[in-house]
Amino acid sequence: MHHSSLGQPMPAPGTSRRTLLRGIGGAAALGAGIPLLGACGGGSGGTAADPKTVTLGSNASDAVPKKAFAEIYAAFAKKSGVKVDVNTKDHNTFQEQINSYLQGTPDDVFHWFAGYRMQFFAAKGLATPIDDVWKTIGGNFPEAMKALSKGEDGKYYFVPLYTYPWALFYRKSVFQEKGYEVPTTWDQFVTLCKQMKKDGLVPIAFGDKDAWPALGTFDQINFRTNGYDFHVELMAGKASWTDAKVRKAFDHWTEILPYHQEGAVGRTWQDAAQTLVSKKAGMYLLGTFVGQQFTNQADLEDLDFFAFPEIDPAYGQDTVEAPTDGYMLSKSPKNHEGAVKLLEFLGTPEAEEIYLKADPNVVAASTKADTSSYTPLQKKAYEMISGAQHLTQYMDRDSRPDFTSTVMQPALQKFIRDPKGVDSLLSSIERQKKTIFAS
Amino acid sequence: MNPMSTTDTSTQSPEAAAVPSPGSARARSARKAGQGHRRLLTRRDRLTLGLMAGLPTILHVALVWVTALASIALAFTTWDGIGFDAIKWVGLHNFTELFTNNPQFWPAVEHNVIWFVALILVPTPLGLFLAVQLDKKIRFSRAYQTAFFLPVVVSFAVIGFVWQLVYNPDTGLINSLIGANEPGRYIDWIGDPDLNLWAVLIAASWRHTGYMMILYLAGLKSVDPSLREASALDGANEWQTFRNVIFPTLRPTNTIVLVVTIIEALRAFDLVFVFNKGAEGTELLSILVTNNIIGESSRIGYGSAIAVVLLVISLVVIIPYLVATFRKERRA
């Protein structure tokens, strides 16, 4: 199993048994050693809680964030005297094993995402409500963040740490040179695309090989066309995909599809980003993490973004897609008191500022965090998010992951290639959605 | 099954194996050996034997049979993998859903079949051809052999990664060479459903050719040289010798090749998963199983139903083969 602790000493038998049980849990999730799973739950009671240690499951396997998180926990240990024992797993592995991980003997606190994906585990009873934590940290966060941190039952389950917006990225120098202006309405946007194409640019860079980037394009077009409320209903499986409103969103997409980079299904988002780096593309719809691809400092300073243009004046640009990462408390934490203290610390601007020093592509979830050290891009992102009336989390976080990965990802890849088949595609999505959401 | 009973049955198994079909000399000697063996068995031997036979049996039953049967049972349920009370019996619903509503299912079946047919039609004859050439003891035969076999040693995941670099639409080898990486002239080897299956099959064939070559080379080495001599004396040319003398003696090898190729076609997964995750045009049953089962809030029942379809296909292919093999053994 991908079990690597940061080197904190820990009673050896406990470690090995936990690791073993976790492995068994993983096997059971695959429909394997079914009778063994029961043993998993029973096994957790044995280890006596150490009041001076809180365990934490982390998906931050990349070097930079891993170090940044370690600094947060060091600061917490200094302040409270409680040590954080981190169990880091590979990012994707963590996500794929989350089911069995949370059912086995999870760490006290674990990394997770806001939105449906958080509410799902809360509703399954795999997380502990943390209303007590929010009594302390509530003042640090804007209303939109508070809403994101609640489960379906209205209780708090989540402490957000950082967030980042999705937007249309462009090169300032390119816009200046060609005399383009940032479009705020749909008509201006389409005109700009046409002009860019005439000027020999790829208007919108696009790479959908990993199948998730197209979900982001749909999100933007849908909540601009039909508003936040309808978007949420659609994601929750309540609204129908055969609704005329959805069709209208796809019509808008069809209109700008010819201005997207060709051969998108075979291209990774990194390769698509490179066309923006090399100034061959005019715009690129992505999260601020696109900045990672701008390794040259001068290029990075030339990077800017604007919100997806307004489609229906009734909704304007009121919704921002801002995936938020943070922490949850597992179902029966061994050191509940220490875990609450940790979560309270994680909800402070102090903890967020430590993290942001290491990762300049995101912004703090708290409005109290110090923004003076932000780069211009971070400042803009911060303003965009704090000015939003609604925040969405991205389709695969706002809806059932099984629906988005097995139905929406292939369907949107198909749409990109063959926009004419949209009607049969939408009815196929609706049929599959019904089965998945019924289960 | 408790460990005691396993021990018992397995200690008896040498005896059971030794029960002879009367008359055959081989069986009689086996019985003698069996009886001699039994007298020598101490308590400790029995225990050792029991452990040696019992442990693998338990592991086999637990890891193969229990899991396979559990997977079949789960195919008739829906389950998100969280808690056993969440398992709901739905009868054949998963299957009707799969056959009628899943836009990826039938293409996946079709692609698995195409995979098999393509492997039989291209790399298998090619491997045979290479094996025949290498069997002629030409110079540097060993070096060629190594070169052709090397792709078989490399894992499919690595092959997928390497070929994905070759096919990359913007920076890949092919598009860069033929100048198809400009807007308006794109050839999307990875994303275009009319192309990507063939692109992947070239990569798969590249590996399969080496595999087939080694199998046929081993088969050719066992061909009695006097057969060639005799056919040469009869005045047969090279092609006639091959067609009428050598190829018929390769029959056992052909059977192995057929089985290996069927297995390769059914278990095809890693190459495509790395190549483009089974996007439209390259859907495979194994990838559908993975996409539905692995990951958060998994559809374990539905994924199991796909796995059962895959199992049934394997059985349909393997059972006739096993029946034929056993019948042959009994005759011999």
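Let's start with one pair of residues: Trp166(A) stands opposite Gly287(A), which sits in strand S8 of chain A. Keep in mind as you look around that this is a predicted model.

That pair belongs to a longer match. Strand S6 (residues 166-171) of chain A runs antiparallel to S8(A), and the two are joined over five bridges. What holds strands together like this? Strands of a sheet pair through backbone hydrogen bonds, and they can do so in a parallel or an antiparallel way.

S8(A) also pairs with strand S7 (residues 202-205) of chain A, this time in the parallel sense, over three bridges. You can follow that pairing residue by residue. Val202(A) stands opposite Ala281(A) in S8(A), and further along, Ala205(A) has Tyr284(A) of S8(A) as its bridge partner.

Now zoom out to the whole sheet. Four strands of chain A make up an open sheet, in the order S7-S8-S6-S9, and the pairing is mixed. Which strands stand at the edges? They are S7 and strand S9 (303-306) of chain A; each has a single partner strand, so one side of each has no neighbour in the sheet. The sheet isn't flat either: going from one strand to the next, the twist averages 30°. And how covered is strand S8 (residues 281-287) of chain A? Mostly covered: seven of its seven residues are buried.

Next, step back to chain A as a whole. Its domain assignment gives domain 1 (4-163 + 324-392) and domain 2 (166-321 + 400-438), so to speak two pieces of chain for each domain. Where the domains touch, domain 1 of chain A brings 13 residues and domain 2 of chain A brings 17 residues. On the domain 1 side, helix H17 (376-386) and strand S13 (390-392) of chain A each supply at least two residues. The largest share of that side comes from H17(A), with five residues. Sorted by class, the domain 1 side that touches domain 2 has seven nonpolar, four polar and two charged residues.Time to move over to chain B. Its secondary structure comes to 16 helices and two strands. Chain B has 332 residues, and buried ones make up 33% of them. What about contacts within the chain? Of those in chain B between residues at least 6 apart in sequence, 65% join residues at least 24 apart.

How do the two chains meet? In the contact, 34 residues of chain B touch 35 residues of chain A. On the chain B side, the elements that give two or more residues are helix H3 (43-74), helix H4 (93-101), helix H15 (285-293) and helix H16 (300-331) of chain B. H3(B) gives the largest share of that side, four residues. By class, the chain B side holds 13 nonpolar, 14 polar and seven charged residues.

Let's finish with a single residue, Ala305(B), which is found in helix H16 of chain B. Is Ala305(B) buried or exposed? Ala305(B) counts as buried because it has 32 C-beta neighbours inside 10 Å, and the cut-off for being buried is 20 or more. Leaving aside residues up to four places away in sequence, Ala305(B) touches Ala75(B), Asn94(B), Phe95(B) and Leu98(B). For a contrast, find Ala232(B): it is 73 residues from Ala305(B) along the chain, and 56 Å separates the C-alpha atoms of the two.

Key: Residues numbered from 1 in each chain as written. Chains lettered and ligands numbered in written order. Predicted model: local features only at pLDDT ≥ 70, side-chain atom pairs only at ≥ 80, totals over all residues. Contact = placed C-beta atoms within 7 Å. Nonpolar A, V, L, I, M, F, W, Y, C, P; charged D, E, K, R; others polar. Buried ≥ 20, exposed ≤ 12 C-beta atoms within 10 Å, placed from the backbone. Pairing = 2+ DSSP bridges. Axes fitted to C-alpha atoms, helices over the stretch in contact; angles between N-to-C directions. Domains from an automatic or database assignment.
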